[in-house]
Amino acid sequence: MEVHHHPDVHHKKKKFKEYFLEFLMIFLAVTMGFFAENIREYFSDKEKERKFVQTLYHDLKDDTADLNGAIPFWENQIKRIDTLRSEIKKGDQMNTKVANMLATRVRFYSNFLYHDRTIAQLKSTGNFHLLNAALADSIMEYDSYITSYLRDQEAHGQKLYIEVNNLQNKIFESGLRQLYEKNGLAYLDSLFTADPSAFKIHRENKEVFFEYYNSLDFWQLGIHWRLHSSVHLKEKAINMINLIKKQYYLENE
């Protein structure tokens with residue numbers, strides 16, 4: 001008869017030191033994994049931040065380039081309106097050629113093109129926290145200034161602009177603008193010499209003429225308002241560009 005020996009199921013009890021070492025190894029593994037993940041996220045966030053700042057820098061450069069063109073444009077429009085109103089005030093002594101040329105140029109308009117690709121991404125992704133706090137605050141203030149204050153000005157200004165043009169259509173020959181754009185000032189000079197009647201101004205309706213004179217004044221006030229805002233906006237953009245250069249070392253970008 002076979003005798004079966006049962007295996008010894010009693011294990012030797014571990015010492016406290018062995019339990020502690022196992023716990024320590026697990027703790028270190030988890031901790032190292034935690035730190036490794038944090039380091040990975042840190043460098044990933046830094047890379048995202050760098051890309052946002054680079055594209056923002058170029059967006060601001062584009063904004064300032066547009067403003068560098070818009071500011072002298074609006075300054076010239078103010079001068080043209082001044083001269084045009086002076087000519088209108090002369091009545092029968094008005095220089096019809098000068099008045100027509102100025103009226104033609106007053107029809108020109110310039111809208112600010114907001115290069116907001118980076119700011120739109122920051123708002124949609126909620127990644128403002130990646131940026132330097134001072135820069136993030138400046139961006140939000142800059143964006144708010146454009147989307148509320150400046151856009152309200154543009155909407156108001158366009159109404160004044162349309163009103164001026166509607167009245168101008170009753171006084172000046174619009175075909176001269178097309179001739180000017182196609183052939184230039186020299187052509188209009190020669191045209192005036194050959195046929196001064198081509199620059200005829202319809203002054204029969206004194207009420208319309210008076211209303212046009214006053215509308216030019218309101219439009220000029222709107223331009224002054226717009227010009228002031230454009231100068232202020234350019235300062236904001238330049239300040240942000242300088243902040244980016246200082247904080248992110250983009251001097252050579």
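Here are a few worked exercises on the predicted model above.

The model is predicted, so local features need pLDDT of at least 70 and side-chain atom pairs count only at pLDDT 80 or more, while totals for chains, interfaces and linings use all residues. Residues are numbered from 1 along each chain as its sequence is written, and side-chain values use heavy atoms, with hydrogens and water left out.

**Exercise 1: the fold**

Work out how many helices and strands the protein chain has.

*Solution.* Start with the definition: helices (H or I, at least four residues) and strands (E, at least two) are DSSP runs, numbered from the N terminus. On that basis the protein chain has 7 helices and 0 strands. Read from the N terminus, the order is α-α-α-α-α-α-α.

Next, look at burial. Buried means under 20% relative accessible area, exposed means over 50%, and partly exposed is in between (1.4 Å probe, protein chains only). Of the 253 residues in the protein chain, 37% are buried.

**Exercise 2: aromatic rings**

Classify the pairs F73 with W74 and Y109 with W219, then find the cluster they belong to.

*Solution.* Recall the basics: a pair of aromatic rings is described by the distance of the centres and the angle of the planes. The rule here pairs rings of Phe, Tyr and Trp (its six-membered ring) if their centres lie within 6.5 Å; planes under 30 degrees apart count as stacked, over 60 as edge-to-face and the rest as tilted.

Step one: the count by this rule is 11 aromatic pairs. For F73 and W74, the centres are 4.9 Å apart and the planes sit at 75°, so this pair is edge-to-face. F73 is buried at 18% relative accessibility, and W74 is buried at 1%.

Step two: Y109 and W219 are stacked, with 6.1 Å centre to centre and 15° between the planes. Y109 lies in the loop between α2 (96–106) and α3 (117–125), and W219 lies in helix α7 (residues 206–248), so the pair ties together parts 110 residues apart in sequence. Y109 is partly exposed at 24%, whereas W219 is buried at 2%.

Step three: put it together, and F73, W74, Y109, Y161 and W219 form one aromatic cluster.

**Exercise 3: charges over rings**

Find the ring that R85 lies over and the ring that K236 lies over.

*Solution.* The test is that NZ of Lys or CZ of Arg is within 6 Å of the ring centre and within 35 degrees of the ring normal. R85 passes over the face of Y213, at 4.0 Å from the ring centre. K236 does so over the face of Y145, at 5.6 Å from the ring centre.

**Exercise 4: the largest cavity**

Give the volume of the largest cavity and name the residues that line it.

*Solution.* The search runs on a 1 Å grid over the protein atoms alone: a cavity is a set of points where a 1.4 Å probe fits but cannot get out, and lining residues have an atom within 4 Å of a point. Grid points are joined across faces, edges and corners, and a volume is the space filled by probe spheres set on the points.

The whole structure has 2 cavities of 30 Å³ or more, and the largest has a volume of about 50 Å³. Its lining is W74, Y109, Q153, G157, W219, G222, I223 and R226. Two elements, α4 (133–168) and α7, give two or more residues to that lining, with α7 giving the most, 4 residues.

Now sort by class: Ala, Val, Leu, Ile, Met, Phe, Trp, Tyr, Cys and Pro count as nonpolar, Asp, Glu, Lys and Arg as charged, and the others, Gly among them, as polar. The lining of the largest cavity then has 4 nonpolar, 3 polar and 1 charged residues.

**Exercise 5: salt bridges**

Describe the salt bridges D59 with R117, K90 with E87 and D143 with K123.

*Solution.* A salt bridge is a side-chain nitrogen of Lys or Arg within 4 Å of a carboxyl oxygen of Asp or Glu. That rule yields 7 salt bridges.

- D59 and R117 meet at 2.6 Å, N to O. This pair links distant parts of the chain, with D59 in helix α1 (residues 16–89) and R117 in helix α3, 58 residues apart. D59 is buried at 2%, while R117 is partly exposed at 47%.
- K90 and E87 have their closest N and O atoms 2.8 Å apart. K90 is partly exposed at 45%, and E87 is buried at 8%.
- D143 and K123 have their closest N and O atoms 3.0 Å apart. D143 sits in helix α4 and K123 in helix α3, 20 residues apart. D143 is buried at 9%, but K123 is partly exposed at 47%.

Last step: salt bridges that share partners join R151, E154 and R226 into one network.

Technical notes: 1 Å grid on protein atoms, 1.4 Å probe; cavity = no way out; pocket = protein on both sides within 12 Å on 5 of 7 lines; lining within 4 Å.
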